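Reader: Hello! I am new to this structure and would love a close look at one part of it. Please pick a helix, show me what its side chains do, and then connect it to the rest.

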Amino acid sequence: LGFVVPPEMSHPDRIRKDAELAVRLARRLDTLCGMTAEMAPVGLHGNSATQEIAATERLDLLILYLRRVHFFCFYGAAWCKDEWDLRQRCGDMLMRDPIVGEEAPKAEGEWSANHDKRLEALLASASLPRPHVPNAVDDAPVAEKVEACVAQKTLKIKEGVFKCADCHRKFKGPEYVAKHSRRMHASNIEALRQEAQIEASKATYLDEMEIEPPASAVVLGVAAGVWLCDCREGLQDALTHAVHARRLLLCHVGV
């Protein structure tokens, strides 16, 4: 389902102004997402390769880029989470009136003025907070897992004698075993760091998507950690189940 914006948005002056606004928006959102000008399609931001492109074609290209890459609806001034959110809030598309050229009303109406305000406000306030992903072994919760791992690898033989559970080397105290484990068995620490990163990424994904496993999902054995979908397919964890369920939902509504 699409919507048509007021005819004033089709005036040549308005088209040129919107093209410049769209360039600023594309640059702003690209920067927030960590994209450089070199990563954007050639000529998208108005370099020499597109100087001769008509303003209308350039605007349409930018609107499509904002929608497909950043899930941003230009005429709706809505920055959405994903394709589904975009279609829910703004429909399939927002189109300009087929009236073109000087036949279109002057681009000074109330709708266009509010359109400018919405976009300028978004340009001034848009942000994209980066979630904290544990990286160093001193970061929580990595540090807690490292301490637990080191403690598990430290075996007490007798008073004043400890050994490493991995290589059975003996030491006078647990602190020496801990130092040895961190230095000589770094692969254990690296595995914990990667595990913490994966868990943080999963949590961030689920928070952003606002996805929760359906109440009908059940665990088929705690050890296996298998999630059963309504379609009777078993998934390995909650995240995989959430993505699977979301894909089924999008297929059912025809996205």
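**A close look at helix α1**

Author: Arg-16 and Asp-13 sit 3 residues apart in helix α1, which means about one helical turn separates them. Helices here are DSSP runs of H or I with at least four residues, strands are runs of E with at least two, and both are numbered from the N terminus. The side chains of Arg-16 and Asp-13 form a salt bridge, with N and O 2.5 Å apart. That term asks for a side-chain nitrogen of Lys or Arg within 4 Å of a carboxyl oxygen of Asp or Glu.

Before going further, please keep in mind that this is a predicted model, in which local features need pLDDT of at least 70 and side-chain atom pairs need 80 or more, while totals for chains, interfaces and linings use all residues. Numbering starts from 1 along each chain as its sequence is written, and side-chain values use heavy atoms, without hydrogens or water.

Back to our pair. Arg-16 counts as partly exposed because its relative accessibility is 46%, and Asp-13 is also partly exposed, at 40%. (Buried means under 20% relative accessible area, exposed means over 50%, and partly exposed lies in between, with a 1.4 Å probe and protein chains only.)

Helix α1 also reaches across to another helix. Glu-20 and Arg-58 meet in a salt bridge, at 3.4 Å from N to O. Glu-20 belongs to helix α1 and Arg-58 to helix α2, so this pair ties together parts that are 38 residues apart in sequence. The two partners differ in cover: Glu-20 is partly exposed at 44% relative accessibility, whereas Arg-58 is buried at 17%.

What does helix α1 give to the nonpolar interior? Such a core is a set of buried Ala, Val, Leu, Ile, Met, Phe, Trp, Tyr and Cys residues joined through side-chain atoms within 4.5 Å. The largest one has 24 residues, and Leu-25, Leu-59, Leu-66, Phe-72, Phe-74, Tyr-75 and Leu-119 have the most contacts inside it. Helices α1 (12-32), α2 and α4 (110-125) each supply at least two of its residues. Helix α1 gives the most, with 9 residues.

Tyr-75 is a good place to see how this core is put together. Contact here means heavy atoms within 4.5 Å. Leaving out residues up to four places away in sequence, Tyr-75 touches Val-5, Met-9, Asp-18, Leu-59, Ile-63, Leu-94, Arg-96, Trp-111, His-115 and Arg-118. A second, separate core has 8 residues, including Val-146, Ala-178, Ile-189 and Leu-192.

Now let us follow helix α2, the partner of helix α1 in the Glu-20 and Arg-58 bridge. Arg-67 lies in helix α2 (residues 55-70). Arg-67 is buried but has no salt bridge, and the nearest side chain of opposite charge, Glu-83, is 5.1 Å away. For charge, Lys and Arg count as positive and Asp and Glu as negative, while His and the chain ends are not counted. Beyond its neighbours within four places in sequence, Arg-67 contacts Phe-72, Leu-86, Arg-87, Gly-91, Asp-92 and Met-93.

Just after this helix, Phe-71 lies in the loop between α2 and β2 (72-73). Phe-71 is not a glycine, yet its phi is positive, at about 55 degrees. Most residues other than glycine have a negative phi. Phe-71 counts as partly exposed because its relative accessibility is 23%.

Met-93, one of the contacts of Arg-67, takes us to the surface. Together with Val-4 and Met-95, Met-93 makes a nonpolar surface patch of about 250 Å². Patches are built from residues with over 30% relative accessible area and no salt bridge, joining like charges within 9 Å and nonpolar side chains (Val, Leu, Ile, Met, Phe, Trp, Tyr) within 5 Å. Met-95 lies in strand β4 (residues 93-95) and is partly exposed, at 34% relative accessibility.

Finally, a step back. The protein chain has 8 helices and 10 strands, and 36% of its 255 residues are buried. The whole structure holds 13 salt bridges. Among contacts with a separation of 6 or more, 57% join residues 24 or more positions apart.

Definitions and conventions: Areas by Shrake-Rupley, 256 points an atom, 1.4 Å probe, with all protein chains shown as cover.
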